[in-house]
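Reader: I am new to reading protein models. Can you take me through this one in short steps?

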Amino acid sequence: MNLSVLEKMVRDGDMSIDSMRYLINCRSECEWLDYKEMIALEHDKSLCDFAKDVIAIKNVGGGYIIIGVEDKTWKPIGLSTRLPYDTKLLRDKVRRATGVDLDIDIVHHNIQIADSSILLGLIFIRSSRKRKKRRTPTLVNKDFCTKEVYGLRCGDIYVRNGDSTVKVKSGKELEDLLYNLEAQADNDSIILSGRISHFAIENGTYHLLEKGYEQFIGRTKLRTELIDAVMRDPRIWIINVHGVGGVGKSALVNWAVYEFYEKRSFEAILHLTAKDTILTAKGIEKSGRSLYSLENLLDHILLLFEETPPDNLEKKKELTIEYLSAWKTLIVLDNMETVHDGRILNYIQYLPDKCKVKVLITSRQKTGSWELPFPLNELKLNEVQEFLEIRSKEMNLSFPSDQEIIKSVLDATGGLPLAIQWLLGRYKINNNIKEIIETVIEKDSPLLEFSFRNIWNVLSKDAKAILSILSIFEEPPTTQQIVIATEFQIDRIEKALSELLDVTLVIQNTQIYEGRVTYVALPITLSFAQHQLNEIGDFASECRQRFQKYIQLMKLQESEIRHVRNRFEKFGLETDNEKRAAILCQKGESEMFIGNVDNAEIFFKQARDLAPQSAYIYAMSSSYEIARNRNDKALIYADEACRRVTKKTGALCYTIKARILDKKQDRNGRVEALRKALEYDPDDYVIRHQYGVALSCEGQTENAIDQFTIIIDKEINKAIPTRQLLMALKTRMINQKRLNREKDFQNDLSLAREIFNKYPHLTYENEHFSEFFEGDD
């Protein structure tokens, strides 16, 4: 568990399915995260305990409660059915016990665990995004069950302390607790008994990590070019060494760092890594990272200059700018693709011109146009030979130097240093190099992660299929893109990807800015997988065709993009998750229109998984279900949308609900839904007209006439009235007839003639009044 990541999730209010997965994988509780097997808020004791937890979490800055996880063991066991509480009911329950209105939300997600999918509840308690505002605690505001030990008493203050909810006696005690918690989140690699140094060299203003090698091999030209890239242009302060995993990015940058140190090219050097795993003889093992959040980076910079970091983030920033403006400094950030805090790149991108700083980063991808990209490719033949010679000596191996064998090693490994190192490890076990090389280049037996064949043989059919089709994508794909290509259910794909991740055949990558999760495999891994395509028939070619069709659909015209943007503004879609989900809904609508209902189903499910708090997304899902004539399911989504309405989505949600109730012949329900819709948008005359028609169908003719009159009065005073004027007039006339109000009917008929004479642009509506004009003079 990384507290800085968790704190950011809390600040963002992230309740997506990806956030649920992260929280489950934490496997431990803390101030911002609590697990529960079940809640039963009908019982006073359970309600008191839950209310204490909610207030406690609110008082430490907000956080999550996951329902469906076994207490103490933290094993996810799931729920047999959805919890009987929506957001409003949860808030009502807590208010009943505490007298306090708290911002609580709840969603449910199905998560793939091992071989099955389980249902979990995710409750989010919102608090202030600003740390300083958390210093004013929320107190229990009423007595509840005070005669019982578990009862609540007015004035009680509850907080989370570790994995427990405790009562504190004063604001000062809360202040101390919050200080300790936030300090830990800012610096969760620091052990309380003292700071553990990550650095091999701590010499004044030089803090350098281990080199990671005994001797750097080859790449002479690249070394010179990298030094030049860093030192050449003072206007370019960010250099990104990027390339595939295992290509040697960290080693090259480490060489440059030590070169700068030896020559004292900079007055200060700070060398950090976000890498949390290392490859050893025993396999992949955990490693202590020195970079994980913006606060942590700023602390490292200040400690480099022997400055005690202040608590306040803005003050940290001010101080670091002062030092970076005074000292010629090199900051090295290794393995940036594993950092989840996008504020780091934002910070270094917008460093002021007065700063005398260079930032050298390594990543699996280019991160933006504002940097100088420095691509790193695989080793060439001569470099492979040099690598083999030097590493063999370091490992006390007598590796053959025959050019043919060297070429075979290059072909087998793709020139990736990490793969060559694996091959040498295999040679140390079996020193018959020809046998090893022959095995590597055979179709059914390559090398690389010590033995692809053995791993492949134990993979499930789905895992083999997913690995085999990764090569059809030009860029590392997301889960959604794999769903589109394969037409597999998302749970099935997640299970297969989980299996591939477990055996390290693919790597999960989080895009630094967008937060998108993609799946990457080494080129040689994909080469091996492609050799196995005969096992899955035409599956790969079918996937390629489907995905290419999807790409064409994703290439929106500017008018379509503008349409989506208009939705963002119209319905108040502010978060990135909501915006992406809205685009998915639009794609689902397009697929539905052309008859691809299976693809549409996938798009709408992904949208709900991505933005489970969005009233708009549930409303669009309901509209889709109406089109499928699945009215019961449509009503479920419409009710969920109405429970989550905002000022901007209320009219949409309730008009969609009215459509469903109309189909279900619930006239009274339809009237009520349209009445609610008008409360959110009283100036929408289309909704008002629908409301009038619904009232008329319900037999409330007088009330219906009142609604049509409101529309007519507004429209008649416009310089250029719309067709809504005539539609309201016609329906009012129909209702006048029903009430036998001949005089009022004739007055409306005269008004209709005046409108047609005065406004030529409305004459095309004349045919709608032909039944009234027949027989008239």
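What follows is a set of short questions and answers on rings, cysteines and strands.

Author: This is a predicted model, where local features need pLDDT of at least 70, side-chain atom pairs count only at pLDDT 80 or more, and totals for chains, interfaces and linings use all residues. Residues are numbered from 1 along each chain as its sequence is written, and side-chain values use heavy atoms, with hydrogens and water left out.

Reader: How many aromatic pairs are there?

Author: Rings of Phe, Tyr and Trp (its six-membered ring) pair if their centres lie within 6.5 Å; planes under 30 degrees apart are stacked, over 60 edge-to-face, and the rest tilted. Counted this way, the aromatic pairs number 11.

Reader: What kind of pair do Phe305 and Tyr323 form?

Author: Their centres are 4.9 Å apart. Their planes differ by 5 degrees, so under the 30 degrees cut-off the pair is stacked.

Reader: Where does Tyr323 sit?

Author: Helices (H or I, at least four residues) and strands (E, at least two) are DSSP runs, numbered from the N terminus. Phe305 is in the loop between helix 8 (294-304) and helix 9 (313-326). Its partner, 18 residues apart, is Tyr323 in helix 9.

Reader: Is Phe305 buried or exposed?

Author: Buried means under 20% relative accessible area, exposed over 50%, and partly exposed in between (1.4 Å probe, protein chains only). Phe305 has 9%, so it is buried.

Reader: What kind of pair do Phe399 and Tyr427 form?

Author: The ring centres are 5.0 Å apart. The planes stand at 70 degrees, so the pair is edge-to-face.

Reader: How many disulfides does a search of the whole structure find?

Author: A disulfide is a pair of cysteine sulfur atoms within 2.5 Å. For Cys145, the nearest cysteine sulfur, that of Cys48, is 4.5 Å away, and Cys145 is in no disulfide. Over the whole structure, the search finds zero.

Reader: Which strands stand at the edges of the sheet?

Author: Two strands pair if DSSP finds at least two bridges between them. Seven strands form an open sheet with mixed pairing, in the order 7-8-10-13-14-9-15. Two of them have a single partner strand each, so one side of each is left without a neighbour in the sheet. They are strand 7 (201-203) and strand 15 (372-375).

Reader: How many bridges join strand 13 to strand 14?

Author: Strand 13 covers residues 329-334 and strand 14 residues 357-363, and they run parallel. Among the bridge partners are Thr329 and, in strand 14, Val357. The number of bridges is five.
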